[in-house]
Amino acid sequence: MTSSVPQLIPRHIFGVTPTVKHNFWFKDEQNVVFAAGDTVVSHFFDQKVQQFLQPPERINGISAMTCTPTRRYLAVAERSDRGRISVYDLVSLKQKRALQPAPELLSQVRPVMFLFCTYLIGKS
(Lines give C-alpha, C1' and ligand atoms only; values in the text may rest on other atoms or scores of the structure.)
Protein backbone atom coordinates (compact mmCIF):
# COMPACT_ATOMS: atom_id res chain seq x y z
CA MET A 1 0.00 0.00 0.00
CA THR A 2 1.44 3.39 -0.95
CA SER A 3 1.00 6.40 1.25
CA SER A 4 1.00 9.86 -0.19
CA VAL A 5 2.43 12.84 1.61
CA PRO A 6 -0.19 15.54 2.10
CA GLN A 7 0.65 18.90 0.56
CA LEU A 8 -0.08 22.27 2.06
CA ILE A 9 -1.93 24.54 -0.35
CA PRO A 10 -2.12 28.16 0.85
CA ARG A 11 -5.43 29.98 0.64
CA HIS A 12 -4.46 33.26 2.30
CA ILE A 13 -1.14 34.78 3.31
CA PHE A 14 -1.02 37.71 5.71
CA GLY A 15 1.94 39.97 6.35
CA VAL A 16 4.54 41.76 4.27
CA THR A 17 8.26 41.01 4.29
CA PRO A 18 9.83 44.30 5.49
CA THR A 19 13.36 43.49 4.28
CA VAL A 20 12.34 43.49 0.59
CA LYS A 21 13.04 46.75 -1.23
CA HIS A 22 9.91 48.14 -2.93
CA ASN A 23 7.82 45.25 -1.65
CA PHE A 24 4.34 46.64 -2.35
CA TRP A 25 2.88 47.53 -5.78
CA PHE A 26 -0.62 48.43 -6.95
CA LYS A 27 -1.54 46.61 -10.17
CA ASP A 28 -4.61 48.84 -10.48
CA GLU A 29 -7.15 50.35 -8.09
CA GLN A 30 -8.48 46.98 -6.92
CA ASN A 31 -5.40 44.73 -7.02
CA VAL A 32 -2.14 44.83 -5.11
CA VAL A 33 1.05 42.74 -5.29
CA PHE A 34 3.38 42.26 -2.30
CA ALA A 35 6.15 39.98 -1.02
CA ALA A 36 5.41 37.62 1.85
CA GLY A 37 8.31 35.32 2.70
CA ASP A 38 9.57 33.75 -0.52
CA THR A 39 6.19 34.15 -2.24
CA VAL A 40 4.69 37.06 -4.16
CA VAL A 41 1.01 37.52 -3.33
CA SER A 42 -1.53 39.11 -5.69
CA HIS A 43 -4.51 40.29 -3.65
CA PHE A 44 -7.82 41.24 -5.27
CA PHE A 45 -9.75 43.59 -2.96
CA ASP A 46 -13.12 43.42 -4.69
CA GLN A 47 -13.23 39.60 -4.85
CA LYS A 48 -11.31 39.06 -1.56
CA VAL A 49 -9.12 36.46 -3.30
CA GLN A 50 -5.37 35.92 -3.29
CA GLN A 51 -3.22 34.28 -5.95
CA PHE A 52 0.41 33.31 -5.44
CA LEU A 53 3.49 33.65 -7.63
CA GLN A 54 5.87 31.02 -6.33
CA PRO A 55 9.32 30.45 -7.79
CA PRO A 56 9.80 27.16 -9.66
CA GLU A 57 12.69 26.18 -7.39
CA ARG A 58 13.61 26.73 -3.74
CA ILE A 59 14.93 30.20 -2.91
CA ASN A 60 16.19 31.87 0.28
CA GLY A 61 13.85 34.83 0.05
CA ILE A 62 13.24 37.91 -2.04
CA SER A 63 15.57 40.91 -1.92
CA ALA A 64 13.77 43.44 -4.19
CA MET A 65 10.79 43.91 -6.49
CA THR A 66 9.89 46.41 -9.20
CA CYS A 67 7.07 46.89 -11.64
CA THR A 68 6.95 48.33 -15.16
CA PRO A 69 5.35 51.78 -15.56
CA THR A 70 2.44 50.12 -17.38
CA ARG A 71 1.98 47.64 -14.47
CA ARG A 72 2.15 44.73 -16.93
CA TYR A 73 5.33 43.00 -15.65
CA LEU A 74 6.84 42.48 -12.22
CA ALA A 75 10.53 41.71 -11.68
CA VAL A 76 11.55 39.89 -8.49
CA ALA A 77 15.18 39.58 -7.29
CA GLU A 78 15.43 36.17 -5.61
CA ARG A 79 18.09 35.14 -3.12
CA SER A 80 19.50 31.74 -3.98
CA ASP A 81 22.82 30.04 -4.70
CA ARG A 82 22.64 31.38 -8.24
CA GLY A 83 21.01 34.78 -7.63
CA ARG A 84 18.17 35.18 -10.10
CA ILE A 85 15.73 37.83 -11.32
CA SER A 86 12.34 36.43 -12.32
CA VAL A 87 9.99 38.43 -14.53
CA TYR A 88 6.27 37.73 -14.11
CA ASP A 89 3.33 38.75 -16.29
CA LEU A 90 0.80 40.37 -13.95
CA VAL A 91 -2.13 39.72 -16.29
CA SER A 92 -1.69 35.95 -16.56
CA LEU A 93 0.25 35.67 -13.24
CA LYS A 94 2.84 33.42 -14.88
CA GLN A 95 6.60 33.60 -14.99
CA LYS A 96 7.81 35.02 -18.29
CA ARG A 97 11.56 34.84 -17.87
CA ALA A 98 14.30 34.01 -15.37
CA LEU A 99 17.52 35.98 -15.69
CA GLN A 100 20.70 34.52 -14.19
CA PRO A 101 24.29 35.78 -14.17
CA ALA A 102 27.04 34.04 -16.11
CA PRO A 103 28.56 31.05 -14.22
CA GLU A 104 31.90 32.83 -13.74
CA LEU A 105 30.14 35.70 -11.90
CA LEU A 106 28.06 33.60 -9.49
CA SER A 107 30.28 34.27 -6.47
CA GLN A 108 30.14 38.03 -7.04
CA VAL A 109 26.48 38.66 -7.89
CA ARG A 110 23.54 39.05 -5.56
CA PRO A 111 20.71 41.11 -7.06
CA VAL A 112 19.64 43.74 -4.55
CA MET A 113 18.29 46.59 -6.62
CA PHE A 114 16.98 47.11 -10.13
CA LEU A 115 14.53 49.15 -12.13
CA PHE A 116 12.42 49.05 -15.27
CA CYS A 117 12.70 51.75 -17.88
CA THR A 118 12.99 50.66 -21.49
CA TYR A 119 15.20 47.80 -20.28
CA LEU A 120 15.47 45.86 -17.04
CA ILE A 121 18.57 47.09 -15.20
CA GLY A 122 19.99 45.08 -12.28
CA LYS A 123 22.58 46.18 -9.71
CA SER A 124 24.36 43.97 -7.20
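# Salt bridges and strands in a predicted model

Glutamate 78 and arginine 84 form a salt bridge, with their closest N and O atoms 2.6 Å apart. This is a predicted model. Glutamate 78 is buried, at 2% relative accessible area. Arginine 84 is buried too, at 4%.

The structure holds two salt bridges. The other pair is arginine 72 and aspartate 89, whose side chains meet at 3.0 Å, N to O. This pair links distant parts of the chain, 17 residues apart. Arginine 72 sits in the loop between strand E5 (62-67) and strand E6 (73-78). Aspartate 89 lies in strand E7 (residues 84-89). Their surroundings can be compared through the cut-offs: buried means under 20% relative accessible area, and exposed means over 50%. Aspartate 89 has 3%, so this residue counts as buried. Arginine 72 has 34%, so this residue counts as partly exposed. In general, side chains of opposite charge can pair when their charged atoms come close.

## The chain as a whole

The chain has zero helices and ten strands. Its pattern along the sequence is β-β-β-β-β-β-β-β-β-β. Of its 124 residues, 38% are buried.

## An open sheet

Four strands form an open sheet, in the order E1-E2-E3-E4, and their pairing is antiparallel. The edges are strand E1 (24-26) and strand E4 (49-53), each of which pairs on one side only. From one strand to the next, the twist averages 20 degrees. Strand E3 (residues 39-44) runs antiparallel to E4, and five bridges join them. Valine 40 has leucine 53 in E4 as its bridge partner.

## Strands E5, E6 and E7

E6 pairs with both E5 and E7. The table sets out the two pairings.

| Strand pair | Bridges | Sense | Opposite residues | Residues between strands | Positive phi |
|---|---|---|---|---|---|
| E5 and E6 | five bridges | antiparallel | methionine 65 and valine 76 | five residues | arginine 71, near 65 degrees |
| E6 and E7 | six bridges | antiparallel | alanine 77 and isoleucine 85 | five residues | glycine 83, near 55 degrees |

Each pair forms a hairpin: E5 and E6 make one, and E6 and E7 make another. How many of the six residues of E6 are buried? Five are, so E6 is largely enclosed by the rest of the structure.

## Core and surface

The largest nonpolar core has 16 residues. Val40, Ile62, Met65, Leu74 and Val76 touch the most other members. Strand E2 (31-36), E3, E5 and E6 each supply at least two residues of this core. Which strand gives the largest share? E5 does, with three residues. Some core members also appear in the strand pairings. Val40 of the core is the bridge partner of leucine 53. Met65 and Val76, both in the core, stand opposite each other in the E5 and E6 pairing. In soluble globular proteins, nonpolar side chains tend to be buried together.

Nonpolar residues also appear on the surface. Val16, Phe24, Phe26 and Phe45 form a nonpolar patch there. Together they have about 360 Å² of accessible area. Phenylalanine 24 belongs to strand E1, an edge strand of the open sheet. Is this residue buried or partly exposed? Phenylalanine 24 is partly exposed, with a relative accessible area of 40%.

Methods:
Residues numbered from 1 in each chain as written. Predicted model: local features only at pLDDT ≥ 70, side-chain atom pairs only at ≥ 80, totals over all residues. Heavy atoms only, no water. Pairing = 2+ DSSP bridges. Axes fitted to C-alpha atoms, helices over the stretch in contact; angles between N-to-C directions. Salt bridge = Lys/Arg side-chain N within 4 Å of Asp/Glu carboxyl O. Buried < 20%, exposed > 50% of the residue type's maximum accessible area, 1.4 Å probe, protein only. Core = buried A, V, L, I, M, F, W, Y, C linked by side-chain atoms within 4.5 Å. Patch = residues over 30% accessible without salt bridge, like charges linked within 9 Å, V, L, I, M, F, W, Y side chains within 5 Å. Areas by Shrake-Rupley, 256 points an atom, 1.4 Å probe, with all protein chains shown as cover.
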